[in-house]
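Colleague: I am new to this structure and would like to learn how to read it. Could we take a few features in turn?

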Amino acid sequence: MRILLIEDDPGLGGAVRDQIAAEGHVPDLAPTLAYARDLLATMPYDLILLDLGLPDGRGIDFLRSLRAKGSVTPVMILTAHDRITERIEGLNAGADDYMVKPFDLAELSARIAAVARRYAGNPNPLITLGRLEIDLAAHAIHGPEGQIDLSQREWIIFEALLQRPGQIVSKSQIEDQIYAFDSEVESNTIEVYVSRLRKKLGKDVVQTLRGLGYRLGTP
Ligand code: CA
């Protein structure tokens, strides 16, 4: 997922950004609301993590204007523990979830995954794809011949396809996801990993559309 992190505390912002990237997501860190607006104008995001006290305004007002413009992007607010009214205000303004500072990074990761599943219309981490059973939380796949193990890069590619069922996902969209996890990627990397994925999961599961990209198929 591409995640916009709006946080002005450099220590917390950096730690959260690194954690998100380690989970295979693509984070952008915005220390101000103005910068966040610039990023949102040029890039679609799957999730926004929003601090409420920013140098150039209140996160709540930013969230309200986002929802007023019709944005349905999930928003998770990051608040201090003594700010209960702020949390309620945030949820009323259209936030999907909140985290209380200081928070555990592993819990943040689990909540991000949960929001992503709800957003994809699939709150159950177990999904069935033809003859494959996929556990999104455990990154595990069971096929007719037992467990299928994917490397982290293979999983990132497969997840990118799973998040957009029926849609064509371009090579550059997949590259964006991979680069966030590992900047040492060669130009033919995607082809190599897709071909491994097709071998492990079946050619009908990961379809190649020449010149366009890849698509999740139903075996
Ligand atoms: Ca702040």
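Modeller: Two strands pair if DSSP finds at least two bridges between them. Keep in mind that this is a predicted model.

Colleague: In which sense do strands E12 and E13 pair, and over how many bridges?

Modeller: The sense is antiparallel, with 4 bridges joining E12 (residues 206-209) to E13 (residues 213-216). Across the pairing, Thr-208 stands opposite Tyr-214 in E13. The hairpin has 3 residues between the strands, and Gly-211 there takes a positive phi near 80 degrees.

Colleague: Next, the metal. Which residues coordinate the calcium ion?

Modeller: For calcium, donors are N, O and S atoms within 3.2 Å, and water is not among the atoms, so a site may look incomplete. Here Asp-8 and Asp-51 each coordinate through OD and Gly-53 through O, at 2.2 to 2.4 Å. Along the chain these donors follow the spacing D-x42-D-x1-G. Asp-8 lies in the loop between strand E1 and helix H1, while Gly-53 is in strand E4, so the pair ties together parts that are 45 residues apart in sequence.

Colleague: Are Asp-8 and Gly-53 buried or exposed?

Modeller: Asp-8 is partly exposed, at 32% relative accessibility. Gly-53 is also partly exposed, at 46%.

Colleague: How many aromatic pairs are found in the whole structure?

Modeller: The search finds 1. Trp-155 and Phe-158 meet edge-to-face, 6.0 Å centre to centre with 75 degrees between the planes. Planes over 60 degrees apart count as edge-to-face, which is why this pair gets that label. Both residues lie in helix H6, 3 residues apart, about one turn of the helix. Buried means under 20% relative accessible area; Trp-155 counts as buried because its value is 3%, and Phe-158 because its value is 0%.

Colleague: What sits over the ring of Tyr-193?

Modeller: The charged end of Arg-196 does, 5.1 Å from the ring centre.

Colleague: And how should I read salt bridges?

Modeller: Side chains of opposite charge can pair when their charged atoms come close. The count in this model is 15 salt bridges. In one of them, the closest N and O atoms of Arg-58 and Glu-89 are 3.2 Å apart. Arg-58 is in strand E5 and Glu-89 in helix H4, so this contact ties together parts 31 residues apart in sequence.

Colleague: Which other salt bridges could I look up?

Modeller: Among them is Glu-86 with Arg-83, at 3.1 Å between the closest N and O atoms. Glu-86 is buried at 17%, whereas Arg-83 is partly exposed at 41%. Salt bridges that share partners also join Arg-58, Asp-61, Arg-64 and Glu-89 into one network.

How values were computed:
Residues numbered from 1 in each chain as written. Predicted model: local features only at pLDDT ≥ 70, side-chain atom pairs only at ≥ 80, totals over all residues. Heavy atoms only, no water. Helix = DSSP H or I, 4+ residues; strand = E, 2+ residues; numbered from the N terminus. Donors = N, O, S within 2.8 Å, 3.2 Å for Na, K, Ca; no water. Buried < 20%, exposed > 50% of the residue type's maximum accessible area, 1.4 Å probe, protein only. Phe/Tyr/Trp six-rings, centres within 6.5 Å; stacked < 30°, edge-to-face > 60°. Lys NZ or Arg CZ within 6 Å of the ring centre and 35° of its normal. Salt bridge = Lys/Arg side-chain N within 4 Å of Asp/Glu carboxyl O.
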